[in-house]
Structures are given as structure tokens and as C-alpha cells.
Amino acid sequence: DWNSGNVIAEQVEKIRAQVGSARVICGLSGGVDSAVAAALVQRAVGEQLVCVFVDHGLLRKNEREQVETDYVAATGVRLVTVDAADTFLAALDGVSDPEQKRKIIGREFIRTFEQAAAALVAEAESSGEPVKFLVQGTLYPDVVESGGGTGTANIKSHHNVGGLPDDLEFELVEPLRTLFKDEVRAIGRELGLPEVIVGRQPFPGPGLGIRIVGSVTRERLEILRDADAIAREELTRAGLDGEIWQCPVVLLADVRSVGVQGDGRTYGHPIVLRPVSSEDAMTADWTRLPYDVLSRISNRITNEVRDVNRVVLDVTSKPPGTIEWE
Ligand code: XMP
């Protein structure tokens, strides 16, 4: 019968057999899959693993610290954080089309990760043990969806970094290939990972970049980050995390409405709350949150976040609305 302790022991053996004494790289996203996959590899081969975390500047409040501080303390992984916010923001400058944003963020992400990987490969080569493996947090449903293939990842550099190989090829290490999400969470808990990571609700790769309707700026990101943190804090405090699949918080940056605060007229932006209940994100219903929780979130956001004078609730199911606004 299924037992997370057995799965861990089994996977640790398998990883050791596959990897030998070579070095291994893993990209961390802040999400549960990559966090658990990396923690298993760390258990198996310790210092042979180096994790790379790209801070694209589109993360939520405290997400970077959760990885850099809490996750590292819990696992002991060697972590390299790449501070790429300036590059991403420059690439996104003036772009408001959602698919265009996704393309740009995806492209910059690959570029940034490759550059970090290439530097680690060069460093490892000079120390004797080559980097041969790349960890991926592929789950069983991903395997089924993609037809079951496994193998290698070929990273071609599109950039000129002096002295680095043009072409990096890695064999994949995928310790979660036979597992479902709830099993991955159980293993993460057994491995002692922080609950904020193990229990995290889905969050899109492009991050807050696709939750600003309009172009992405540093200032708008700060506003959205603060509003999102308040909503998450209040939902958690009210004990509602289990009922909600996820709750995007969206800044309508291109919309302004009139408000009044103190004895002054304001002309600020609306924040949208999009709490949804779902089994698999293919369909969803809007979550009937208690009015007093909605009221607390609204009061706090309008009082504590600058330039926001209105909070609205999205009461659309999926279909016809998607979960995200972009
Ligand atoms: P939609 O908005 O299509 O979202 O109903 C369904 C699920 O997918 C997530 N999502 C994304 N995840 N990159 C991601 O990694 C994306 O570009 C992206 N767009 C949507 C969304 O958060 C929801 O869980």
C-alpha cells in the first residue's frame, strides 16, 4: 500500500543509481512540484545538486524569501537566485496584450535559466565532475498527457556568454513521474518542506505579469503585490484555503474610477477578486465567500494599498470566463 516514506526511500535509491557522481541542476519555481523533486534529489545526492531560482520580478509578496530562506533551511539545497526583474520589466515595457506578455516572459525565462545553467556547467567542468542531469517535477498526469516520452533536454544558447558551451545537453531526472499531486504534497510534508510551498495553490508561471490588465510596470506590480498579499492573508485567516482552488487578484491598471477618501476625491484603480472552486481548472465556479471576509478584504485593500479605491468581485463561472483575466 502507498506510503510516502517508502516512495522516498525508493526514489532516493533510483536517483543515486541514475546520477552516480555527476552534478545535477534543478530550476525552482516556488511551486510544489519542483520543490519536492529537488528535495528528493537533495536527499539522494546532496551537494551534487544546485538549484536555480529565477526572480523575474513578477512574484508575489514573500515568495522569494520562502524559497531562499525557508526552503533552503528545510532542505539544505545549494541555491543560486538570479535577480532578473530589470531584464523582464524592460522586455515587457509598454506591452499590454496577454499572449504577447506570455511570449516575452517565457522567452526571457528560458534565456535567464540557460545563462545560469551554462555558468554552473562551466564551473563544474573546472572542478572535475560534469553537470549531466536536469531535474524536472513532471507528474503522472503530465506523462500521460505528453504520451509517455522521457529522455533529454537540449538547451541551445541564443546568447553570447564568453567561454561557455553553445549547446548544453542534459539527461532528465524525474522522480515524480508516477505520482499524483496529492501524493507529491504528502511526500513534501514527509520531507519537512514548508507548508507555504507544499500547500500552495496553483499560480501561473507568468506570475503577476498576467494579472495586470494593461502594461506591466514596477509601480503597478507593487500595488498588485500588496493587494494580493492582503487577500491571501485574510482568506487563510478565515480558514478558507481548502475551499478555494485559487483566487487570482487582478489590477485593472487601465481603468480608473472616482472615489472619496477623507475629504478628498480620488481617481484610482479597481482591484478584482476572483475566488474559484474547481477540481482541475478545466471548469470552475466562483466561490461563495462569506460577506464578512469579503468586507474585510475590501476595507483593508482600499485603506492600505495606494491608488486603489474600489474592490470588485468576479461572479463568473468557467466557462464562459477563464480563471485568469488574461
Ligand atoms: P484559465 O485562466 O485558462 O487558467 O482558466 C486555468 C489554470 O491555468 C493557470 N494558468 C497558467 N499557468 N502559465 C501557467 O503556468 C500560464 O500562462 C497560465 N495561464 C493560466 C491558471 O492559473 C489556472 O490554474
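Where is the place of Ala 281? I began with this residue and found Ala 281 in the loop between strand S11 (276-277) and strand S12 (285-286). I noted that the model is a predicted one.

**Entry 1: Ala 281 and Asp 307**

I looked up the backbone of Ala 281 and read a phi near 70°, a positive value in a residue other than glycine. Most residues other than glycine have a negative phi. I recorded Ala 281 as partly exposed, because 14 other C-beta atoms lie within 10 Å. I then turned to Asp 307, which also has a positive phi, of about 70°, although it is not a glycine. Asp 307 sits in the loop between helix H10 (291-304) and S13. With 16 other C-beta atoms within 10 Å, Asp 307 is partly exposed.

**Entry 2: the ligand shell**

I listed the residues that surround the ligand: Arg 102, Pro 202, Pro 204, Gly 205, Pro 206, Gln 246, Ala 281, Lys 318, Thr 322, Ile 323 and Glu 324. I sorted this shell into 5 nonpolar, 3 polar and 3 charged residues. From the shell I chose Thr 322 and placed it in the segment after strand S13 (308-313). I classed Thr 322 as partly exposed, because its count of other C-beta atoms within 10 Å is 14. I also checked Thr 322 against Leu 139: the two are 183 residues apart along the chain, and their C-alpha atoms are separated by 24 Å.

**Entry 3: cis peptide bonds after S13**

Most peptide bonds are trans. I found a cis bond joining Lys 318 and Pro 319, with omega about -15°. The peptide bond from Pro 319 to Pro 320 is cis as well, and its omega is near 10°. I located Pro 319 in the segment after S13, and Pro 320 lies in that segment too. I noted again that Lys 318 is one of the residues around the ligand.

**Entry 4: the annotated binding site**

I consulted the UniProt record, an unreviewed entry, whose "binding site" annotation covers Ser 29, Gly 30, Gly 31, Val 32, Asp 33, Ser 34 and Ala 35. I followed two of these residues further. Ser 34 is found in helix H2 (residues 32-45), and Ala 35 lies in H2 also.

Are Ser 34 and Ala 35 buried or exposed? I counted 21 other C-beta atoms within 10 Å of Ser 34, so this residue is buried. Ala 35 counts as buried because it has 29 C-beta neighbours inside 10 Å. Leaving out residues up to four places away in sequence, I found Ser 34 touching Cys 26, Gly 27, Leu 28, Ser 29 and Gly 137. On the same basis, Ala 35 touches Leu 28, Tyr 71, Gly 188, Leu 193 and Ile 197.

**Entry 5: helix H5**

I tested the length of helix H5 (residues 98-127). At 1.5 Å a residue, its 30 residues should span 44 Å, and its end C-alpha atoms are 44 Å apart, so the two values agree. I recorded Lys 101, Ile 105, Thr 112, Ala 116, Ala 117, Ala 118 and Val 121 as buried in H5. Just after H5, I read a positive phi of about 110° at Gly 128.

**Entry 6: the two domains**

I noted the division of the protein into domain 1 (4-198) and domain 2 (211-313). The contact takes 9 residues from domain 1 and 8 residues from domain 2. On the side of domain 1 that touches domain 2, I sorted the residues into 4 nonpolar, 3 polar and 2 charged. The centres of the two domains, taken over C-alpha atoms, are separated by 30 Å.

How values were computed:
Residues are numbered from 1 along each chain as its sequence is written. This is a predicted model: local features need pLDDT of at least 70, side-chain atom pairs count only at pLDDT 80 or more; totals for chains, interfaces and linings use all residues. A residue is near a molecule or strand if its C-beta atom, placed from the backbone, lies within 6 Å of it. Ala, Val, Leu, Ile, Met, Phe, Trp, Tyr, Cys and Pro count as nonpolar, Asp, Glu, Lys and Arg as charged, and the others, Gly among them, as polar. Helices (H or I, at least four residues) and strands (E, at least two) are DSSP runs, numbered from the N terminus. A residue is buried if 20 or more other C-beta atoms lie within 10 Å of its own, exposed if 12 or fewer, and partly exposed in between; C-beta atoms are placed from the backbone. Domain bounds come from an automatic or database domain assignment. Two residues are in contact if their C-beta atoms, placed from the backbone, lie within 7 Å. UniProt positions are given in the numbering used here, feature names are shortened, and annotations may be inferred rather than shown by experiment. The expected span of a helix is 1.5 Å times one less than its number of residues.
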